[in-house]
Amino acid sequence: MSATATVWLERIRALPLERKIRILNVCGGHERSISMAGLRGALPPNVELIPGPGCPVCVCPEEDIYEAIQMARFDAVTLVAFGDMLRVPVNAPRSEPRSLEQARAAGADVRPIASPTEAVAIARRDPARNVVFLAAGFETTSAPVAAMLAEGVPSNLHVLLSGRRTWPIVAQLLESGEAGFDALVAPGHVATVMGPEEWQFVVDRHHMPAAVAGFTPESLLAATYSVLRQCLDDRPFLDNCYPSAVRAGGSPAAREILDECFEVVDANWRGIGVVPASGYGLRERFRSHDARLRFPAHGDAARKRAGQMPPGCDCARVVLGRIYPNECRLFGAACTPRHPIGPCMVSDEGACRIWWASGLRESAHAERACSA
Ligand code: SF4
């Protein structure tokens with residue numbers, strides 16, 4: 001740990017904390033830094049760092065992945081998606097592929113990509129073949145997808161859009177009356193795009209301390225100190241602890257391009273349900289690139305239900321910060337990165353996988369009560 005991180009830790013340890021303070025993070029990158037640097041163990045015992053809804057792969061609704069699998073199997077398309085999406089399991093009959101990876105093993109043309117430009121390149125290489133891009137992600141991923149569309153894409157490239165916005169799920173948690181946390185560490189990468197102001201509602205509407213953090217232990221500890229100090233003083237405000245990258249207003253160019261290509265829609269979150277104004281939909285002018293319109297036969301309204309996780313999988317409660325990953329009974333036993341049961345064990349941004357990778361490999365078998 002760097003000297004600066006050590007200084008922040010000393011400051012935190014010197015705070016007169018008399019009660020438990022629970023701090024939610026909303027970013028898989030944050031959770032990875034916290035877990036890999038061992039920050040939980042270094043903090044005073046009455047400071048809880050709770051991993052929250054920071055994994056876009058984990059919340060991608062099952063019906064979208066199912067639809068992508070069916071398109072890959074039956075529509076003679078090349079299906080491209082960011083690598084993590086390929087292993088996410090859906091509740092299909094055992095006789096059918098249960099992930100894009102299994103569809104590929106069964107002969108479908110499914111390819112992992114690392115960026116939207118790769119999708120464009122694949123479509124350009126074979127103009128006679130349709131390419132479907134399953135584009136799932138938060139604002140930071142959605143902005144490059146929008147840029148790709150705005151620049152113009154080949155007519156054979158179609159987007160199966162599953163973009164999500166981060167602040168509405170936190171708003172829903174806070175408005176539920178059982179948030180289960182006392183302070184928020186907001187995602188720095190989202191704030192670089194959308195601006196820190198998106199998180200001002202946490203303070204204004206809920207009188208809750210909030211701080212935007214970067215990905216280093218120093219920045220995360222600075223944000224942790226800030227919200228703890230705010231709790232102690234009972235003077236919440238939105239602190240920008242990532243000033244080197246986060247500016248007021250975020251990136252106007254990225255926000256403009258998001259608005260140009262996408263409209264804000266109510267959207268389903270896997271295992272959670274529909275969250276108002278939490279998703280992106282393609283604007284009318286991109287209808288010809290909408291995979292759902294081009295290949296409409298596979299939409300299955302029956303799959304749009306809240307309980308979409310595999311039996312026994314607690315990913316929804318992990319994503320909502322209700323339980324820690326190792327409080328799922330399947331953690332480390334039936335569910336491991338090699339044999340993932342739920343999406344949180346698949347993605348590099350999933351809390352279960354991060355905790356496993358950080359060395360915590362046994363289930364606690366005890367549920368932490370939500371004491372909001
Ligand atoms: S350990 Fe596996 S089954 Fe349990 S919540 Fe995590 S991903 Fe789901």
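Two residues are in contact when heavy atoms lie within 4.5 Å. Helices (H or I, at least four residues) and strands (E, at least two) are DSSP runs, numbered from the N terminus.

Keep in mind that this is a predicted model, where local features need pLDDT of at least 70, side-chain atom pairs count only at pLDDT 80 or more, and totals for chains, interfaces and linings use all residues. Residues are numbered from 1 along each chain as its sequence is written, and side-chain values use heavy atoms, leaving out hydrogens and water.

Let's start with the helix pair. In helix 8, Glu139, Ser142, Ala143, Ala146, Ala147, Leu149 and Ala150 meet Ala254, Ile257, Leu258, Glu260 and Cys261 of helix 13. The axes of helix 8 (residues 139-151) and helix 13 (residues 252-261) come within 8 Å and cross at roughly 65°. So helix 8 is roughly perpendicular to helix 13 (that label covers 65 to 115 degrees). Axes here are lines fitted to C-alpha atoms, for helices over the stretch in contact, with angles from 0 to 180 degrees between N-to-C directions.

Now for the sheet. It is open, with 4 parallel-paired strands in the order 4-3-5-6; two strands pair if DSSP finds at least two bridges between them. Strand 4 (109-113) and strand 6 (157-163) are the edges, each pairing on one side only. Neighbouring strands are turned by 20° against each other on average, direction ignored.

Two helices pack on this sheet, and each touches strand 3, strand 4, strand 5 and strand 6:

| Helix | Residues | Direction angle |
|---|---|---|
| Helix 5 | 62-74 | about 160° with strand 6 |
| Helix 7 | 116-125 | about 140° with strand 4 |

Conventions: Angles under 35 degrees count as roughly parallel, over 145 as roughly antiparallel, 65 to 115 as roughly perpendicular and the rest as oblique.
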